[in-house]
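Thanks, everyone. Please have a look at the sequence and the model on the screen. I'll keep this brisk.

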Amino acid sequence: FLSALRRAAVMTDRESMRVDIEFAPGQATLQARGHATGASTVTEPLPGFEGPALSIAFDPDYLAEWLKAFGDREVVVEI
């Protein structure tokens, strides 16, 4: 997931420093848009995701630092 976040975040710029993440059963779609850089969409499988679809936006640098703190351990997040 961290790799997918980094791939999507490539298109952020100083004005739009966010990645929109849509969680759906079985997958997450990460999207970023920059006024000068363009747009990116990355789909990542999430076989353990159960529940209704959910959309949320994060600063990609903040989220990446948070995920790196867990190392290779599995992370379960409840939102």
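I'll go through the strands, then the salt bridges, then an aspartate and a proline. One caution before that: this is a predicted model.

Strands to begin with. Take E1, residues 19–24. Its partner here is E2, residues 26–34, and the two run antiparallel. Five bridges join them. If you want one position to find the register, use isoleucine 21, which stands opposite leucine 30 in E2. The turn between these strands is a hairpin through one residue.

Now move on to E3, residues 38–46. E2 and E3 are antiparallel too, joined by nine bridges. Here the position to look for is glutamine 27, whose bridge partner in E3 is proline 45. The connection from E2 to E3 is a hairpin through three residues. So E2 pairs with E1 and also with E3, given that two strands pair when DSSP finds at least two bridges between them.

Next, salt bridges. How many does the model contain? The count comes to four. I'll show you three.

Start with glutamate 44 and arginine 7. Their closest N and O atoms are 3.8 Å apart. That falls within the 4 Å cut-off, so the pair counts as a salt bridge. This pair links distant parts of the chain: glutamate 44 sits in strand E3, arginine 7 in helix H1, and 37 residues separate them. Arginine 7 is partly exposed, at 41% relative accessible area.

The other two share a residue, aspartate 20. Arginine 18 bridges to aspartate 20, with the closest N and O atoms 2.9 Å apart. Arginine 33 bridges to aspartate 20 as well, at 3.2 Å. This second pair ties together distant parts of the chain, with arginine 33 in strand E2 and aspartate 20 in strand E1, 13 residues apart. Put together, Arg18, Asp20 and Arg33 form a network of salt bridges.

Is aspartate 20 buried or exposed? Its relative accessible area is 17%, and the cut-off for buried is under 20%, so aspartate 20 is buried. Its two arginine partners are another matter. Arginine 18 is partly exposed, at 46%. Arginine 33 is partly exposed, at 43%.

Now to another aspartate, number 13. Where does aspartate 13 lie? It is in the loop between helix H1, residues 2–9, and strand E1. Aspartate 13 is buried, yet it has no salt bridge. Why not? The nearest side chain of opposite charge is arginine 14, 8.5 Å away, and a salt bridge needs 4 Å or less, so arginine 14 does not qualify.

What does the side chain of aspartate 13 have instead? One of its polar atoms lies 2.9 Å from the backbone nitrogen of histidine 35. Leaving aside neighbours within four places in sequence, aspartate 13 is in contact with Gly34, His35, Ala36 and Thr37. Gly34 is the end of strand E2 as numbered, residues 26–34.

Last stop, proline 52. Look in the loop between E3 and strand E4, residues 54–58. Proline 52 has a relative accessible area of 70%, and exposed means over 50%, so this proline is exposed. For a sense of distance, compare alanine 69. The two residues are 17 apart along the chain, and their C-alpha atoms are separated by 27 Å.

That's it from me. Questions, please.

Terms used
Residues numbered from 1 in each chain as written. Predicted model: local features only at pLDDT ≥ 70, side-chain atom pairs only at ≥ 80, totals over all residues. Heavy atoms only, no water. Helix = DSSP H or I, 4+ residues; strand = E, 2+ residues; numbered from the N terminus. Buried < 20%, exposed > 50% of the residue type's maximum accessible area, 1.4 Å probe, protein only. Lys, Arg positive; Asp, Glu negative; His and termini not counted. Polar contact = N/O pair within 3.5 Å; in protein donor to acceptor, adjacent residues only side chain to side chain. Contact = heavy atoms within 4.5 Å.
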